[in-house]
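This briefing introduces a single structure to a reader who has not met it before. Please look over the sequence and the structure shown below, then read the points that follow, which are grouped by topic.

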Amino acid sequence: MATTSFPDASPRKKKRAATPAAPTRPELTGGGAPRAAASADACTAHVSPVDLVVTAAEPEFARQFGLSADEICGYGLLDLLGSPVPARLREQFTALSAGHCRRFTERVTGRDGAGGNFRAEVTGAAVRNPLGDMVGVVVFLRRAPDAVSGGPVLSALDAQVLEGVASGQSTVQLASRLYLSRQGIEYRVGQMLRRFDAPNRPALVARAHALGMFAAGQWPPRVLPERVR
């Protein structure tokens, strides 16, 4: 499975000239997305087709990233969202802007205001004027239900310890690699054993796999980014 790419914890806001605010629920015409795309569970934003900078957004869209509707304007969409396949999301928007497709849907990962990751589905659609000229891009974001309810979430250090245990590293090897004492490693492993209700390390790894903690088909094992805070 390809490694997921993520935006920084503080996405960069790009400077650009002020853009007139677009309506929160855009009426798409011509080659735009069907009205069905704007379903009740989706929140929307307008993006410049040139540099993919957010020019207007619904409050609910901005809230997914811990921002207000005003604050999110000027942020690059690709700094807010990452695709499981590196460069895939940019390629989709490039094809949309070039007129090679009318719309696309892609699974993405975003970072909320608390620094946690969430999974979502994003649909990009071209907005065209009555003459058929492309004047913008509207983005529909649907947050995945399981990302809201979530599952076990580990600290970055505990995730590294769990990855080491899953790959067969000993306490001494983990302590050396993570610059911790052996007692520190044993303490963290013990905490996870209790948290996952596992009697030993093999059972801990098995429980973690069953709970979907690891990226599928990847070696050495890697805890999914959305399971790390």
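**Nonpolar cores**

Leaving aside residues up to four places away in sequence, Phe93 touches Leu52, Leu77, Phe104, Val137 and Val139. The model is a predicted one, and the points below begin with the core around this residue before turning to a helix and to the salt bridges.

- The largest nonpolar core has 27 residues, and those with the most contacts inside it are Phe61, Phe65, Ile72, Leu81, Phe93, Val139 and Leu141.
- Two or more residues of this core come from each of several elements, namely strand E1 (43-47), strand E2 (54-57), helix H1 (59-63), H3, H4, E4, E5 and E6, and the largest share, four residues, is given by E5.
- A second core, separate from this one, has 23 residues, among them Ile185, Val189, Ala198 and Met213.
- In soluble globular proteins, nonpolar side chains tend to be buried together.

**Helix H4**

- Within helix H4, which spans residues 88-97, the buried residues are Leu89, Gln92, Phe93, Ala95 and Leu96; these residues lie on the same side of H4, because they cover an arc of only 160° around the axis.
- The buried residues of H4 pack against helix H3 (77-80) and against four strands, E3 (81-82), E4 (103-111), E5 (117-128) and E6 (134-143).
- Arg88 also belongs to helix H4, but this residue is partly exposed, with a relative accessible area of 35%.
- Not counting residues up to four places away in sequence, Arg88 touches Ser83 and Glu106, and although Arg88 and Glu106 are 18 residues apart along the chain, their C-alpha atoms are separated by 8.7 Å.
- After H4 comes Gly99, which has a positive phi, near 85°.

**Salt bridges**

- The structure holds six salt bridges, including one between the side chains of Arg63 and Glu60, at 2.2 Å from N to O.
- Arg63 and Glu60 are three residues apart in helix H1, so about one helical turn separates them, and Glu60 is partly exposed, with a relative accessible area of 36%.
- Another salt bridge joins Asp158 and Arg188, whose closest N and O atoms are 2.9 Å apart; this pair links distant parts of the chain, with Asp158 in helix H6 (residues 156-166) and Arg188 in helix H8 (residues 182-195), 30 residues apart.
- Asp158 counts as buried at 15% relative accessibility, whereas Arg188, at 25%, counts as partly exposed.
- The side chains of Arg222 and Glu163 also meet in a salt bridge, at 3.9 Å from N to O, and this pair links the segment after helix H9 (201-210), which holds Arg222, with helix H6, which holds Glu163, 59 residues apart.

How values were computed:
Residues numbered from 1 in each chain as written. Predicted model: local features only at pLDDT ≥ 70, side-chain atom pairs only at ≥ 80, totals over all residues. Heavy atoms only, no water. Buried < 20%, exposed > 50% of the residue type's maximum accessible area, 1.4 Å probe, protein only. Arc of directions from axis to C-beta. Contact = heavy atoms within 4.5 Å. Core = buried A, V, L, I, M, F, W, Y, C linked by side-chain atoms within 4.5 Å. Salt bridge = Lys/Arg side-chain N within 4 Å of Asp/Glu carboxyl O.
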